[in-house]
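Thanks for sharing this one with me. Here are my notes, set out point by point so you can follow along on screen.

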Amino acid sequence: MARALHVGVLGAGAWAGSAHIPGWQRDPRCRVVVVCDVKGELAREHARRFGIPEWTDDWSSVVSRADVDVIDVVTPSRTHFELAWAALEGGKHVLCEKPVAFDFRDTLRAAELAKRKGLKTKLGFTFRYSPGVRYAKSLIDEGFVGQPFIFNGYEQNSQWLDPRTPLRQVDPDADPSVLHVSSLEGYGAPIIDIGHWWVGAGFARVVGTMRNFIPERVVRATGRMMRMNIDDGDVFIGDYTNGALGSIQTSYVTIGNYPGIEARLFGSTGAIVCRLVEEFGVAETIKVATPDRVEFTEREIPPRFYPPGGHPRESWRSLFYANLIRDFVDEIVDGGARNEGNFEDGARVQEVINAVERSFRERRWIALPLER
Ligand SMILES: NC(=O)c1ccc[n+]([C@@H]2O[C@H](COP(=O)([O-])OP(=O)(O)OC[C@H]3O[C@@H](n4cnc5c(N)ncnc54)[C@H](O)[C@@H]3O)[C@@H](O)[C@H]2O)c1
């Protein structure tokens with residue numbers, strides 16, 4: 001490679017500062033050359049804090065820069081599609097926070113655009129890149145689990161149990177009499193993705209339900225309490241196409257710590273339980289059992305699953321993202337076909353979310369794939 005990959009970061013908010021920018025800066029093969037936020041003062045502040053040479057409040061000037069190779073989209077969800085699409089059209093590889101789009105068909109279109117242009121894409125599926133989840137996947141690939149029977153996935157914590165904790169309004173124009181998808185999308189995406197990846201198949205059909213437990217909340221933009229009819233807890237089950245069964249539960253009003261992922265896979269020869277829940281300074285544990293040793297025992301995660309300098313007591317926010325970004329840089333620099341956790345995987349996940357929403361609204365099982 002002639003020079004380091006040049007990265008432009010769109011969005012200078014909390015997640016860019018705690019996960020994305022530190023991840024890029026940890027990899028010597030790339031350099032963040034510009035940070036952008038529509039609120040220019042935030043871009044300037046991140047540029048100062050992280051020693052980024054340039055900042056701007058105009059995202060279109062970043063996606064059209066000839067010297068930028070990769071665009072990182074860390075803005076609010078409703079803006080992802082427009083920015084990611086423009087970046088792909090500008091010939092850039094794209095890392096985008098989930099979801100790329102609310103309708104899986106739009107995400108598929110973006111995946112197809114990337115493919116046509118020979119560009120790599122990656123979703124912010126943070127937990128796929130945790131050392132424990134990656135170690136589990138390597139055990140599954142080695143045959144530890146055998147034939148997968150049942151996957152149980154959770155993403156849950158109590159981030160918004162207290163209604164005074166400000167939450168971004170999902171859609172200011174939403175009809176308050178209709179329950180709006182929220183946790184299923186924000187919290188469901190990463191665990192649905194891990195299920196697909198571990199089980200090795202997508203869903204053939206799903207049935208699910210959602211609930212609004214906390215009726216009024218403080219809206220981030222105004223600081224006032226208002227009715228927010230959003231799903232803050234949901235559960236669905238489904239049949240995977242390879243015959244395995246799955247159940248997924250997500251909520252941000254269920255008591256427990258961050259990040260709150262638990263993935264369990266039970267198969268014909270082994271079972272794996274991986275918990276990404278920060279408890280007493282450690283954010284992940286992996287336990288396994290076999291037919292002749294049914295008491296689950298903890299496994300130490302081998303060092304090769306950690307990013308350089310990473311360790312079990314590092315903050316999960318920077319640790320997991322360092323792995324994600326290292327993997328994306330590997331994929332871009334190596335130039336081969338490998339591109340995991342890409343927009344196509346994102347579209348498959350979003351299709352499940354769209355199907356579970358429809359199942360809830362129509363109170364019935366929904367078959368996949370949905371009509372294109
Ligand atoms: N994968 C994960 O585990 C994880 C965790 C936290 C957040 N996120 C996601 O990351 C994204 C950002 O979250 P956050 O908590 O940092 O939000 P935030 O509100 O703190 O930051 C977003 C920033 O984007 C800016 N912005 C809006 N439109 C823009 C545009 N067109 N161009 C440039 N900047 C623009 C806003 O002014 C804001 O400063 C969201 O999609 C969120 O869901 C993912």
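1. In what order do the 6 strands of the open sheet run? Reading across, the order is S3-S2-S1-S4-S5-S6, and the pairing is parallel. Please keep in mind as you read that this is a predicted model.

2. Have a look at the edges of that parallel sheet. Strand S3 (54-56) and strand S6 (121-123) stand there with a single partner strand each, so one side of each has no neighbour in the sheet. On average, neighbouring strands of this sheet are turned by 20 degrees against each other, with direction ignored.

3. For one pairing in detail, take strand S1 (residues 5-10) and strand S4 (residues 70-73), which are joined in the parallel sense over 4 bridges. If you want a spot to click on, Leu 10 has Val 73 in S4 as its bridge partner.

4. Now for a pair of helices. Helix H4 (residues 80-89) and helix H5 (residues 104-117) have axes that come within 10 Å and cross at roughly 15 degrees. An angle under 35 degrees counts as roughly parallel, and that is why H4 is described as roughly parallel to H5. Their crossing is left-handed.

5. Which residues make up this contact between H4 and H5? From H4 come Phe 81, Ala 84, Trp 85 and Leu 88, and they meet Asp 106, Ala 110, Leu 113, Ala 114 and Lys 117 of H5. Sorted by class, the contact of H4 with H5 has 7 nonpolar residues, 2 charged ones and no polar ones.

6. You will find the ligand surrounded by 22 residues, and the closest are Gly 11, Gly 13, Trp 15, Thr 75 and Glu 97. Helix H1 (residues 14-26) gives the most to this shell, with 3 residues. By class, the shell around the ligand divides into 12 nonpolar, 7 polar and 3 charged residues.

7. There is also an open sheet of 9 strands, in the order S16-S15-S14-S13-S7-S12-S11-S8-S17, and here the pairing is mixed. Its edges are strand S16 (293-299) and strand S17 (366-367); each has a single partner strand, so one side of each is left without a neighbour in the sheet.

8. Within the mixed sheet, strand S7 (residues 148-156) and strand S13 (residues 259-267) pair in the antiparallel sense over 7 bridges. Gly 153 has Ala 263 in S13 as its bridge partner.

9. What lies across S7? Helix H8 (residues 188-199) does, and H8 also lies across strand S11 (233-240), strand S12 (245-251) and S13, running at about 160 degrees to S7. Helix H10 (residues 343-362) packs on the sheet too, touching strand S8 (203-211), S11 and S17, and the direction of H10 makes about 60 degrees with that of S8.

10. Finally, those two helices meet. The axes of H8 and H10 come within 9 Å and cross at roughly 115 degrees, which makes H8 roughly perpendicular to H10. The crossing is right-handed. In H8, the residues involved are Gly 188, Ala 189, Ile 192, Asp 193 and His 196, and they meet Asp 345, Arg 348, Val 349, Val 352 and Ile 353 in H10. By class, the contact of H8 with H10 has 5 nonpolar, 2 polar and 3 charged residues.

Key:
Residues numbered from 1 in each chain as written. Predicted model: local features only at pLDDT ≥ 70, side-chain atom pairs only at ≥ 80, totals over all residues. Near = placed C-beta within 6 Å. Nonpolar A, V, L, I, M, F, W, Y, C, P; charged D, E, K, R; others polar. Axes fitted to C-alpha atoms, helices over the stretch in contact; angles between N-to-C directions. Parallel < 35°, antiparallel > 145°, perpendicular 65-115°, else oblique. Left-handed = near helix turned anticlockwise from the far one by under 90°. Contact = placed C-beta atoms within 7 Å. Pairing = 2+ DSSP bridges.
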